[in-house]
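Biologist: I would like to go through some of the labels used for this model and hear the reasoning behind each.

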Amino acid sequence: MARLDLVVDVDVKGDKLRGLQSTMGNVAKVAAGVAVGGIAIGGVFTKMAADAEASQTELESVFKSMKAGSFTTIAALNKQAEAMAAATTFDDEEVKEAQSTLLTFSKITGRAFEDATAATLDLSQFFGTDLRSASVKLGRALQDPIAGLTSLGRSGIIFTEQQKDTIKALVETGDVAGAQAIILGEVQRQVGSVAEDAATTTEGMLKQAQNQLGEVGEAFGAAILPILKEILPGLIEGLRGFAAFVTDNMPTIQAVIGTVLGAVGSAFQFLATTIIPSVADVFNWLSTNVFPAISGAISTVGTNVLPTLIAAFQKVASWVAANWPTISSVISQAIGAVVNAVKVAWPIIERIATVLFPVISVAASVLFKALDVTFKAIGGIFEVVGKIVQTMVVIISTAWNALSGITKAIWDGIAGVIKGAINVVIGVLNAFIGFINGIQIHIPEIGVGPVHSPAFDWWGLGIPQIPMLASGGIVTGPTLALLGEGGQNEAVIPLGRGMPGMGNTFNFYPASTQFDEKDVVEAVERSQRLTGMLAWG
């Protein structure tokens, strides 16, 4: 079998880095995800209820200011909005917004108001505009029929010259309602009941189902709103008091923060100027004095010791091949003697097991129960501690966010020192990891007579280097990585499978021309493992 020694140069478009994984970290992420998901759902429901409340409040406010009680009631408007929402793809909040807009046009009253609301929905559905815009356009036309025809004409609702003359004559004689009836009739003739027809399509029914789900969410949110109304005034007052406290005591707060951050900055400065250079000096000394000696020793072993061991192994293999009949006979006799001894001793072993196993079972049961009680007690303690820590984190996080604007410039300076120091350590550690990964052992296949020993190839530990993502990279699993160390803005973007331009290019430089397909596949997989593109398994 030909043996292939390959030097593989891997050109990867975006290094794939193997990340450190933490089981407890994943559990924490799941728990946090559930909590955040619950809060998010509650927030969505509350937002739905708040939007419904805002639409209703707006309708009632305009109703009161425009004195619309002379021709309708709030109950009648709500009933109309609910009926139209049930018959079209618009929800009742959108209909109420259209009603509020139409109420601002004082000349649209009575039956004309009801017909205008329905026509607004048809215009919005037909032209693909929002209800607010459609209601404004139609409202202007009905408020001033002569001038409003031009705006409707630009939207595609065309009137004949005879209709225009009739509308003008009606307005001039004071019959605005008659002119409005002609406009609404022509709108109805040209666009029809398109809003209700759209609700009978598959897409329309899906939209109606979505609206009904929204109504369910509003119901849940409505139960939360009273609670918020009780809590928010006190919260707002407390925040005002806190803001006043911060304003009144800003010099003292700035002095305290400056002192603390100054101490932290000094500590990191000491770390960057004293500790890290000392660590770097140690690694430099090791790379100069120790690592070469280790490398030389390994080279000496490979040059002097291994050939001797291989020659000795070959002699042993030759002797075993020559004396195999005698060796196999001795082994067979030894195995037979062991089997006979076990047969003789088995009854005694069986009696001992019959006596001891029940005792061991009872003792194990007692031990496991004690451990269970102990672990539950420890779990209770950790739960209490966790709640305390969580509360402290929330308090500290809130305070820090409130002061983030003040401390941003100071923190950016500290972050620069931290990133620089960390980059020095990462660079040194990656150099050491590269040296360790470079230690490899290769023993060729040896065959003597009927005895064969397979080839042994140890390609090193394959320790992944610590990722620094300023130069770009691809992460294939949960990982810890340093971001922003390059000093420029960075983006973390999820990648889907099959994205163009994200392939891998492998350049092979074979040391021998005798290799087959299997050798190439093994070399590619080995390179992928060393670069983190393929998991070890």
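Biologist: Where is Leu-232 placed?

Modeller: Leu-232 is in helix H10, residues 202-248. The model is predicted.

Biologist: Why is Leu-232 called partly exposed?

Modeller: Its relative accessible area is 39%. Buried would require under 20% and exposed over 50%, so with 39% Leu-232 is partly exposed.

Biologist: Which residues form the nonpolar patch on the surface?

Modeller: Ile-227, Ile-231, Leu-232, Leu-235, Ile-236 and Leu-239 form the patch, and together they have about 550 Å² of accessible area. A patch residue needs over 30% relative accessible area, and the 39% of Leu-232 meets that cut-off.

Biologist: What makes Leu-138 buried?

Modeller: Leu-138 has a relative accessible area of 0%. The limit is under 20%, so Leu-138 counts as buried. Its place is in helix H5, residues 131-143.

Biologist: Which residues is Leu-138 in contact with, leaving aside its neighbours within four places in sequence?

Modeller: They are Ala-116, Ala-119, Thr-120, Leu-123 and Leu-184. A contact requires heavy atoms within 4.5 Å. For Leu-184, which is 46 residues from Leu-138 along the chain, the C-alpha atoms of the two are separated by 9.0 Å. That separation refers to C-alpha atoms, whereas the contact rule refers to heavy atoms.

Biologist: How do you know that the span of helix H3 agrees with what is expected?

Modeller: H3 covers residues 92-103, which is 12 residues. The expected span is 1.5 Å times one less than the number of residues, and for H3 this gives 16 Å. The end C-alpha atoms are 16 Å apart, so the two agree. Helix H7, residues 161-172, also has 12 residues and reaches 17 Å from its first C-alpha to its last, close to the 16 Å expected. H7 is followed by Gly-174, whose phi is positive, near 90°.

Biologist: Why is H3 described as largely enclosed by the rest of the structure?

Modeller: Because 10 of its 12 residues are buried. Among them are Val-95, Ala-98, Leu-102 and Leu-103, and the buried residues also include Asp-92, Glu-93 and Lys-96. In the protein as a whole, 23% of the 537 residues count as buried.

Biologist: What makes Asp-91 a cap of H3?

Modeller: A side-chain oxygen of Asp-91 lies 3.2 Å from the backbone nitrogen of Glu-93, at the N-terminal end of H3. The cut-off for a polar contact between N or O atoms is 3.5 Å, so the pair at 3.2 Å is within it.

Technical notes. Residues numbered from 1 in each chain as written. Predicted model: local features only at pLDDT ≥ 70, side-chain atom pairs only at ≥ 80, totals over all residues. Heavy atoms only, no water. Helix = DSSP H or I, 4+ residues; strand = E, 2+ residues; numbered from the N terminus. Buried < 20%, exposed > 50% of the residue type's maximum accessible area, 1.4 Å probe, protein only. Polar contact = N/O pair within 3.5 Å; in protein donor to acceptor, adjacent residues only side chain to side chain. Patch = residues over 30% accessible without salt bridge, like charges linked within 9 Å, V, L, I, M, F, W, Y side chains within 5 Å. Areas by Shrake-Rupley, 256 points an atom, 1.4 Å probe, with all protein chains shown as cover. Salt bridge = Lys/Arg side-chain N within 4 Å of Asp/Glu carboxyl O.
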